[in-house]
Amino acid sequence: MTPRLPVQFALVGMLFLVFDVEALFFYPWAVVLRELGSRGLWIMGSFLVLLTAGYVYARSRRALDWS
């Protein structure tokens, strides 16, 4: 018999996967940064703002609290 895991464990796992996949976009961007120029910098800046907004939203909804 397998032990039951709380729903909170699955939620934190899904949030980790979402933020981890989004963070994978940083490597190819860093490789071609010189070719992209200032437009690429602005696009990645907006991506970082969206990523930060998602993190702040998850924290405000207390999705990352384990208690």
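Here are a few exercises on this structure, each with a worked solution.

Before you start, note that this is a predicted model, where local features need pLDDT of at least 70, side-chain atom pairs count only at pLDDT 80 or more, and totals for chains, interfaces and linings use all residues. Residues are numbered from 1 along each chain as its sequence is written, and side-chain values use heavy atoms, with hydrogens and water left out.

**Exercise 1. Work out the overall layout of the protein chain.**

Step 1: Start with the secondary structure, which comes to 3 helices and 0 strands. Helices (H or I, at least four residues) and strands (E, at least two) are DSSP runs, numbered from the N terminus.

Step 2: Put the elements in order. From the N terminus on, they run α-α-α.

Step 3: Now look at the extent of the chain. Along the principal axes, its C-alpha atoms fill a box of roughly 55 × 30 × 10 Å.

Step 4: Check the radius of gyration, taken over C-alpha atoms. The protein chain has 16 Å, while a compact globule of 67 residues would have a value near 11 Å. That globule rule is 2.2 Å times the number of residues to the power 0.38.

**Exercise 2. Find out how much of the chain is covered and how its contacts are spread.**

Step 1: Of the 67 residues in the protein chain, 9% are buried. Buried means under 20% relative accessible area, exposed means over 50%, and partly exposed is in between (1.4 Å probe, protein chains only).

Step 2: The accessible surface of the protein chain is about 6,000 Å², and 70% of that belongs to carbon and sulfur atoms. Accessible areas come from the Shrake-Rupley method with a 1.4 Å probe; for residues, only the protein chains shown count as cover.

Step 3: Take the contacts with a separation of 6 or more: residues 24 or more positions apart account for 61% of them. Contact here means heavy atoms within 4.5 Å.

**Exercise 3. Is L15 buried or exposed, and what is it in contact with?**

Step 1: Locate L15, which sits in helix α1.

Step 2: L15 counts as buried because its relative accessible area is 19%.

Step 3: Skip the neighbours within four places in sequence, and you'll find L15 in contact with A58, A63 and L64.

Step 4: Take A63 from that list. L15 and A63 are 48 residues apart in sequence, yet their C-alpha atoms are 8.6 Å apart in space.

**Exercise 4. Trace the aromatic pairs around F47.**

Step 1: The structure holds 3 aromatic pairs. Rings of Phe, Tyr and Trp (its six-membered ring) pair if their centres lie within 6.5 Å; planes under 30 degrees apart count as stacked, over 60 as edge-to-face and the rest as tilted.

Step 2: One of them joins F25 and F47 edge-to-face, at 5.9 Å centre to centre with 80 degrees between the planes. This pair links distant parts of the chain, 22 residues apart: F25 is in the loop between α1 and α2 (26–31), and F47 is in helix α3 (residues 33–60). F25 is partly exposed, at 49% relative accessibility.

Step 3: F26 and F47 pair up edge-to-face too, at 5.9 Å centre to centre and 70 degrees between the planes. Here the partners are 21 residues apart, with F26 in helix α2 and F47 in helix α3. At 24% relative accessibility, F26 is partly exposed.

Step 4: Put it together: ring pairs link F25, F26 and F47 into a cluster.

**Exercise 5. Which residue in helix α3 can you compare with V7 in helix α1 for exposure?**

Step 1: V7 lies in helix α1, and V7 counts as exposed because its relative accessibility is 70%.

Step 2: Y57 is found in helix α3. With 53% relative accessibility, Y57 counts as exposed.

Step 3: Add some distances, C-alpha to C-alpha. Y57 and L33 are 24 residues apart in sequence and 29 Å apart in space. V7 and R61 are 54 residues apart along the chain, and their C-alpha atoms are separated by 15 Å.
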